[in-house]
Amino acid sequence: MKTAPPRPMRWLLPAVPLVFLALVLAAPVVRLLAEGLGATATASEALSWWALWQDDHLRWRLLWSFAQAAITCALALLLGLPLAWVLARLEFAGRATLLRALMLPFVVPTLVAAMGVLALWGPRGWLGEPLANAGVDLENSPFLLLYGNLFFNLCLVVRAGVDALEQVSATRIAAARSLGATPWRAFWRVEWPAVAPWMASALCLVFLYCFSGFGLALMLGGQRYATVEVEIYTLVAHELELGQAGVLAVWMLLLTGAVALAYAWMEKRLAAPGRTTPVARQRPQGRGPWAAVVGTWAVLGLVCAAPLLAIVGQAARALLWGQGGAVLLEPETAQALWNTLRFSALALALATALGLCHALAVRALDVAGAAHGAHSARGLLALGWRAAAFLPFMVSPVTVGFGLLLLYPQWTASLGLLVSAYALLAYPFVAKSLSTALDNLPASYAQAAATLGASHWRVFWRVTLPLVSGALRRGMAFAAATALGEFAVSLFLSRPEWTTLTTLIYQRLGRPGAGNLDAALVLACLLMALALLAFAGIEGNKDKLPHA
């Protein structure tokens, strides 16, 4: 049986993140809902819930936001499932490296990814410039945004597919083959039913990321293919149409909430799998398997690696032969770098404290729930609190920034509010990583320390924390990467003297001239280097939990 913390601590641990979520997430969302409802009640604005759908411009924004997310899901499934099968079923040189590299897009800031797409497919890009000279205009097409969406989300689908295929029982596949099923029929009758829930869950996340994404849509969508999130930012920042922006934001909350509920329902179906004998990976033999391996490297290289290589190449060109080198010596760049590092460090400290409290509260409530039954009030409370860590993922950064702007106008230019918004978007990574590690932690270690007379806090510091330190570092690394690349919140809440690398890149791109574009490329490469340091932190520290 797991050891439980003292009773007062069971309620104090969740109180800290609960108050934080109430002030920084729930209250701004309620204020945003009030703004949207107030706008619909004002006759002079001639705006209602359904009148929004009668406006051609706004209707196009909503429908296109749905369409680009749905198209990305279809493309990610079409490409990701075969790639996952190759990685799960074949053993070849570089497979482990490829699986580790799949995490790279998760830590690259959206602004850097957008710059990479432009460096590859833009008018001056490696591939985009020859196409433009041949008369193919990608800049005014949806291709750039869809490609950017795939860069971020294809790896998510591939990783989900690999994890799911490794849970398929080798015995069931062998039985199907022994009964005369072809490999293709065995896949559809045995493997696909086991993989489908995992893929559906991953695709729900892909849809949420694309539907509520901001940075990629702002940079790659242009005037025609921008999404609702960009429209909300334009209404607030440039047109001061808070009522109309509020209605749009409420619609976005309702739609993303519906998708998030579907995701939660699918996740509930993915219970912890029983012990199965996974299918042994085989060395490729013959032209077909080797062609599949080469195709896997080619697709992942083109979609996930090429934009990053392009931005490095373009930044090197700007440094050596262009006008980009001077930006590294400018005081504005030094100030932006200092702001990025200090805001990220402060947000990381707050996110770590919140995530630690959240994860320990989950463990404490699990212990109390286990004592009274999973379906008891305490068991349901433990389940609800575990799910609360995902609440910040259900609300887009634009909605967070807009809601905070409406609720706390007197503190809009305060450092505390900016850091809190950063931490809100970052701390779920710490909470989820720690919760998973604590779930897998053998209870016998804490029990042995307790029987030797160690207090609850001594058990935590000397036993629990060292065993989950790898998970803590991994969660902190994801949180740090999130804070380093945060863009939308900075646009809403930052002061002119608080320019970060992301906002400075955006400012440079908005100025005319080749020199500003070169400077933006160099700054994007610098920001990517900072994100890769976080990536090294993720992959360089492994959990080493001893087996019970």
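Helices here are DSSP runs of at least four residues, numbered from the N terminus. With that in hand, H11 gives the largest share of the lining of the second largest pocket, four residues. The model is predicted. This briefing covers its aromatic pairs and that pocket.

**Aromatic pairs**

- The structure holds 19 aromatic pairs.
- Phe207 and Phe211 form a stacked pair, because their planes are at 20 degrees, and stacked means under 30 degrees. Their ring centres lie 5.6 Å apart.
- Both residues belong to helix H10, which spans residues 183-211. They are four residues apart there, so about one helical turn separates them.
- Phe207 is buried, with a relative accessible area of 13%. Phe211 is buried too, at 1%.
- Phe487 and Tyr506 make an edge-to-face pair. The centres are 5.4 Å apart, and the planes meet at 70 degrees.
- Phe487 sits in the loop between helix H22 (469-484) and helix H23 (488-493). Tyr506 sits in helix H24 (residues 501-509). The pair therefore ties together parts that are 19 residues apart in sequence.
- Phe487 has a relative accessible area of 2%, so Phe487 counts as buried, the cut-off being under 20%. Tyr506 is at 25% and counts as partly exposed.

**A ring cluster and a charge**

- Ring pairs join Trp60, Trp64 and Tyr225 into a cluster.
- Trp60 also has a charged partner: the charged end of Arg224 sits over the Trp60 ring. That charged end is 4.0 Å from the ring centre.

**The second largest pocket**

- The volume of the second largest pocket is about 880 Å³.
- Its lining has 35 residues. Leu118, Glu139, Leu218, Met219 and Leu509 lie nearest the centre of the pocket.
- Six helices are named as giving two or more residues to this lining: H6 (110-121), H11 (215-220), H12 (228-237), H14 (287-320), H24 and H25 (514-540).
- H24 thus appears in two places: H24 holds Tyr506 of the edge-to-face pair, and H24 also contributes to the pocket lining.
- By type, the lining residues divide into 16 nonpolar, eleven polar and eight charged.

How values were computed. Residues numbered from 1 in each chain as written. Predicted model: local features only at pLDDT ≥ 70, side-chain atom pairs only at ≥ 80, totals over all residues. Heavy atoms only, no water. Phe/Tyr/Trp six-rings, centres within 6.5 Å; stacked < 30°, edge-to-face > 60°. Buried < 20%, exposed > 50% of the residue type's maximum accessible area, 1.4 Å probe, protein only. Lys NZ or Arg CZ within 6 Å of the ring centre and 35° of its normal. 1 Å grid on protein atoms, 1.4 Å probe; cavity = no way out; pocket = protein on both sides within 12 Å on 5 of 7 lines; lining within 4 Å. Points joined across faces, edges and corners; volume = space filled by probe spheres on them. Nonpolar A, V, L, I, M, F, W, Y, C, P; charged D, E, K, R; others polar.
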